[in-house]
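Q: Pick one part of this model and walk me through it up close, please. I'd like to know how it fits in with everything around it.

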Amino acid sequence: MHQQTVVIGSRSGLHARPASLFVKAAARQPVKVTIACEGRDPVDARSMLAVLALAAPYGEAVVLSAEGDGAQAAVEELAELLARDLDTAA
């Protein structure tokens, strides 16, 4: 299993536009990726409702996890995306 901790870079946190961009990117991955806030159970990164329910604010650390072929690349790509301010992404 590959895991990586990343800090939410979007000023609005993981809500609306940032969550939508993240979920779409997670759905394109060849493996299932989960995302979790500290002290909470991981949720499927491909589920918009589950990701929004995390209510992860700006600056909060989340853990991305995946296993299988392509897990490391998937987690790294999604971590890089979350670290950016997706509210200003074109």
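A: Let's fix one term before zooming in: a residue is buried under 20% relative accessible area, exposed over 50% and partly exposed in between, using a 1.4 Å probe and protein chains only. This is a predicted model, where local features need pLDDT of at least 70, side-chain atom pairs count only at pLDDT 80 or more, and totals for chains, interfaces and linings use all residues. Residues are numbered from 1 along each chain as its sequence is written, and side-chain values use heavy atoms, with hydrogens and water left out.

First, the setting. The protein chain has three helices and four strands, in the order β-α-β-β-α-β-α from the N terminus (DSSP runs numbered from that end: helices H or I of at least four residues, strands E of at least two). The radius of gyration is 11 Å against 12 Å from the globule rule for 90 residues, so the chain is as compact as a globular protein of that length; that uses C-alpha atoms, and the rule is 2.2 Å times the number of residues to the power 0.38. The C-alpha trace spans about 30 × 30 × 20 Å along its principal axes, and 41% of the 90 residues count as buried.

Now the part I'd pick: strand β2, residues 33–37. Five of its five residues are buried, so β2 is largely enclosed by the rest of the structure. Side chains in a regular strand alternate between the two faces of the sheet. Here V33, I35 and C37 point one way, while T34 and A36 point the other, and all are buried.

β2 has partners in two other strands, where pairing takes at least two DSSP bridges. With β4 (residues 61–66) it pairs antiparallel over five bridges, and T34 finds its bridge partner in S65 there. β3 (residues 43–44) also runs antiparallel to β2, joined by two bridges; in this case I35 is matched with V43. The β2–β3 hairpin leaves five residues between the strands, and G39 takes a positive phi near 80°.

For a view from a helix, try A26 in α1 (residues 16–27). A26 has 1% relative accessibility, so it counts as buried. Beyond neighbours within four places in sequence, A26 is in contact (heavy atoms within 4.5 Å) with A45, R46 and L78. L81 sits 55 residues from A26 in sequence, yet their C-alphas are 10 Å apart. Across the whole chain, of the contacts with a separation of 6 or more, 72% come from residues 24 or more positions apart.
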